[in-house]
Amino acid sequence: MPQPQQSNGTGGPRSQGAWESPCFTGVQCLRKRPLKAPTSYRLGVLGSGRGSNFVALAEACTAGRVPAEIAIVLSDVEDAGILSHARELGIRAEYLAPGRFRTKLDEEAERLYAERLIESRVDLIVLAGFMRILKGGFLRAFASRVINIHPSLLPSFPGLEAWKQALEHGVKVTGCTVHFVDDGIDSGPVIGQSAVPVRDGDTASTLHARIQEAERRLYPAVVAALARGEVRVEGRRAIGFSHEQ
Ligand code: GRF
């Protein structure tokens with residue numbers, strides 16, 4: 001089964017005991033799965049917004065450019081565009097309440113998200129504009145199986161409105177980055193990057209639009225490489241993806 005290879009041997013959603021809570025029934029469910037190779041690589045997509053990266057990924061899966069299927073879409077925003085796009089495409093889509101915090105999922109919500117993803121037998125969790133920080137319990141349960149796309153060339157301009165940060169800083173080239181998610185802010189190993197020029201006449205919105213075009217090419221290409229089992233992690237380096245492929 002293709003998975004990102006880990007030099008340190010940490011497990012993914014299938015690792016036992018990743019969640020200590022006895023009420024985390026999804027772990028039971030995974031333990032009962034037969035150990036045969038799956039017929040397809042399954043994606044769980046999390047988003048809070050309009051879902052343009054999700055749509056690009058779904059189209060690439062349908063067209064066979066990404067050897068994967070989107071098993072489920074989850075959102076913390078009840079009327080998020082990503083949920084309606086998913087439903088139009090006949091993909092299971094659910095709003096799950098984020099809980100009591102403004103910027104992260106609370107513990108109960110994390111458990112609920114993780115349960116849904118495990119029930120859906122996902123191999124990879126794709127954050128596509130998900131505006132909540134994911135913390136310890138969730139990331140331990142899905143170690144090296146969660147990826148995100150960020151609108152800058154990391155490590156430059158982590159955090160919010162990265163395209164505005166780039167414009168205000170005056171850089172001539174910015175772009176987008178797909179990286180594994182760790183418990184920092186946009187700090188996990190970089191899998192792939194795409195450069196985007198900053199033009200003299202750019203405004204925040206023209207630059208953002210150009211970066212988003214690049215995102216819609218980069219994200220499916222990275223997911224395809226992961227689905228083919230081509231990416232491995234060695235310390236801080238994720239090796240195996242080249243944007244030319
Ligand atoms: C993307 O532009 C990405 O950079 C950021 O969130 C945005 C989501 O946009 N992580 P969309 O919902 O995919 O259109």
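Which element gives the largest share of the shell around the ligand? That would be H2, with 3 residues. The legends below walk through a predicted model.

**View 1. Here is the shell around the ligand.** Of the 15 residues there, Gly49, Ser52, Asn53, Gly129 and Pro151 come nearest. Sorted by character, the shell has 8 polar residues, 5 nonpolar and 2 charged. At least two shell residues come from each of helix H2 (52–62), strand E6 (146–150) and helix H7 (204–227).

**View 2. This one shows the open sheet.** Its 7 strands run in the order E4-E3-E2-E5-E6-E7-E8, and the pairing is mixed. Strand E4 (93–95) and strand E8 (190–197) sit at the edges with a single partner strand each, so one side of each has no neighbour in the sheet. On average, neighbouring strands are turned by 20° against each other, direction ignored.

**View 3. Now for the pairing of E6 with E7.** E6 meets strand E7 (residues 173–180) in the antiparallel sense, over 4 bridges. Look for Asn148 here: its bridge partner in E7 is His179. E6 is also one of the elements that each supply at least two residues to the ligand shell.

**View 4. Last up, two helices on the sheet.** H2 lies across strand E2 (41–46), strand E3 (68–75), strand E5 (124–127) and E6, and runs at about 160° to E3. Helix H4 (residues 107–119) packs on the sheet too, touching E2, E3, E4 and E5. The direction of H4 makes about 160° with that of E3.

Note on methods
Residues are numbered from 1 along each chain as its sequence is written. This is a predicted model: local features need pLDDT of at least 70, side-chain atom pairs count only at pLDDT 80 or more; totals for chains, interfaces and linings use all residues. A residue is near a molecule or strand if its C-beta atom, placed from the backbone, lies within 6 Å of it. Ala, Val, Leu, Ile, Met, Phe, Trp, Tyr, Cys and Pro count as nonpolar, Asp, Glu, Lys and Arg as charged, and the others, Gly among them, as polar. Two strands pair if DSSP finds at least two bridges between them. Axes are lines fitted to C-alpha atoms, for helices over the stretch in contact, and angles run from 0 to 180 degrees between N-to-C directions. Two residues are in contact if their C-beta atoms, placed from the backbone, lie within 7 Å.
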